[in-house]
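Reader: I would like to go through this chain with you, from its overall layout to its individual residues. Could you show me the sequence and the structure before we begin?

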Amino acid sequence: MTEAKGASARVYEENIRDIQNRPGEMRERSRTFAVPEKLGEALAEIPEGTEMTLDVRLESVHEGILASTKVQTTMSAECGRCLKNFTTPFQVEFQELFAYTPTEAEEYGVHGDHVDLEPPLRDAVVLALPFQPVCRPDCPGLDPESGELREAEAVVVPNVDIDPRWAALAGFEAEDEPDSGGTPESTRN
Ligand SMILES: [Zn+2]
């Protein structure tokens, strides 16, 4: 992806002049800014203008600059089950080497006195965005007949300590007493 970008995309650039060609040097920086252009193309995205915080560690190595980045922001999505729009905290980390002399086409390079975190950041964020977002793990979704939100209580698990192996069966326990001689193989003595 090589497209012209405006000055606003500079928010992803890191000046590395003071550690360039000085292996062993390291800098840590944090900053918060508004996302200049939305990230993501599907049901989940980081909209333009969303606040994003980057914690960046830049390490000077012989080949170039190794950047370790933690991204914290807010995702906006449409629930794949109930179609409700919701927002939720979103976090992803990535590490990338920016080489002084990139040897392969897919390798990122140092440009003058800076590195541009945008391409690897965009890749990392888009990869980590959920393909089928749900507003909450137990969202019951819409009733296929009425189109209304289903009653949530149908899927609520009793609030007691249950062996995780049995948790999935807990809802059926009452009417699912074993009445034949055969007992489940996992029954303990
Ligand atoms: Zn939902």
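The questions and answers below go from the overall layout to strand pairing, the core, single residues and confidence.

Reader: What pattern do the helices and strands follow along the sequence?

Author: This is a predicted model, and in it the chain has two helices and eight strands. Read along the sequence, the strands precede the helices, in the pattern β-β-β-β-β-β-β-β-α-α.

Reader: What share of the contacts with a separation of 6 or more comes from residues 24 or more positions apart?

Author: The chain has 189 residues, of which 13% count as buried. Among the contacts with a separation of 6 or more, the part that comes from residues 24 or more positions apart is 59%.

Reader: How many bridges join β5 to β6, and in what sense do these strands run?

Author: β5 covers residues 64–78 and β6 covers residues 85–99, and the two form a hairpin with six residues between them. Within this pair Thr73 has Phe90 of β6 as its bridge partner, while Leu66 stands opposite Leu97 in β6. The two strands run antiparallel, and the number of bridges that join them is 15.

Reader: Which residue in the turn of that hairpin has a positive phi, and of about how many degrees?

Author: The residue lies in the loop between β5 and β6, and with 13 C-beta neighbours inside 10 Å it counts as partly exposed. It is not a glycine, although its phi is positive. The residue is Leu83, with a phi of about 70 degrees.

Reader: Where is Asn21 placed, and is this residue buried or exposed?

Author: Asn21 has a positive phi of about 55 degrees although it is not a glycine, and its place is in the loop between β1 (13–15) and β2 (26–34). Because a residue with 12 or fewer other C-beta atoms within 10 Å is classed as exposed, and Asn21 has 12, the class of Asn21 is exposed.

Reader: Which strand pairs with β2 over nine bridges?

Author: β2 is hardly covered, since the count of buried residues among its nine residues is zero. One of its residues, Glu28, stands opposite Arg57. The pairing is antiparallel, and the partner strand is β4.

Reader: Through how many residues does a hairpin join β4 to β5?

Author: β4 and β5 run antiparallel and are joined by eight bridges. Within the pair, Asp55 has Lys70 of β5 as its bridge partner. The number of residues through which the hairpin joins the two strands is three.

Reader: In what sense do β6 and β7 run?

Author: β7 consists of residues 108–109 and is joined to β6 by two bridges. In one of the pairings, Phe98 has Tyr108 of β7 as its bridge partner. The two strands run parallel.

Reader: Which element gives the most residues to the largest nonpolar core?

Author: This core has 21 residues, and those that touch the most other members are Ile46, Ile65, Ala67, Met75, Val115 and Val125. The elements that give two or more residues are β4 (51–60), β5, β6 and α1 (118–128). With five residues, the element that gives the most is β5.

Reader: Which residues more than four places away in sequence does Leu66 touch?

Author: Leu66 is found in strand β5 and is partly exposed, with 17 other C-beta atoms within 10 Å. Leu66 and Val115 are 49 residues apart in sequence, and their C-alpha atoms are 9.9 Å apart in space. Leaving aside its neighbours within four places in sequence, the residues in contact with Leu66 are Glu59, Val61, Gln95 and Leu97.

Reader: Which element has the lowest mean pLDDT?

Author: The chain averages a pLDDT of 84, and 75% of the residues score at least 70. pLDDT stays under 50 over residues 173–178 and also over residues 180–184. Where pLDDT is low, the predicted coordinates should not be read in detail. Among the elements, β4 has the highest mean, 98, and the lowest, 58, belongs to helix α2.

Terms used. Residues are numbered from 1 along each chain as its sequence is written. This is a predicted model: local features need pLDDT of at least 70, side-chain atom pairs count only at pLDDT 80 or more; totals for chains, interfaces and linings use all residues. A residue is buried if 20 or more other C-beta atoms lie within 10 Å of its own, exposed if 12 or fewer, and partly exposed in between; C-beta atoms are placed from the backbone. Two residues are in contact if their C-beta atoms, placed from the backbone, lie within 7 Å. Two strands pair if DSSP finds at least two bridges between them. A nonpolar core is a set of buried Ala, Val, Leu, Ile, Met, Phe, Trp, Tyr and Cys residues joined through C-beta atoms within 7 Å. pLDDT is the predictor's confidence in each residue, from 0 to 100.
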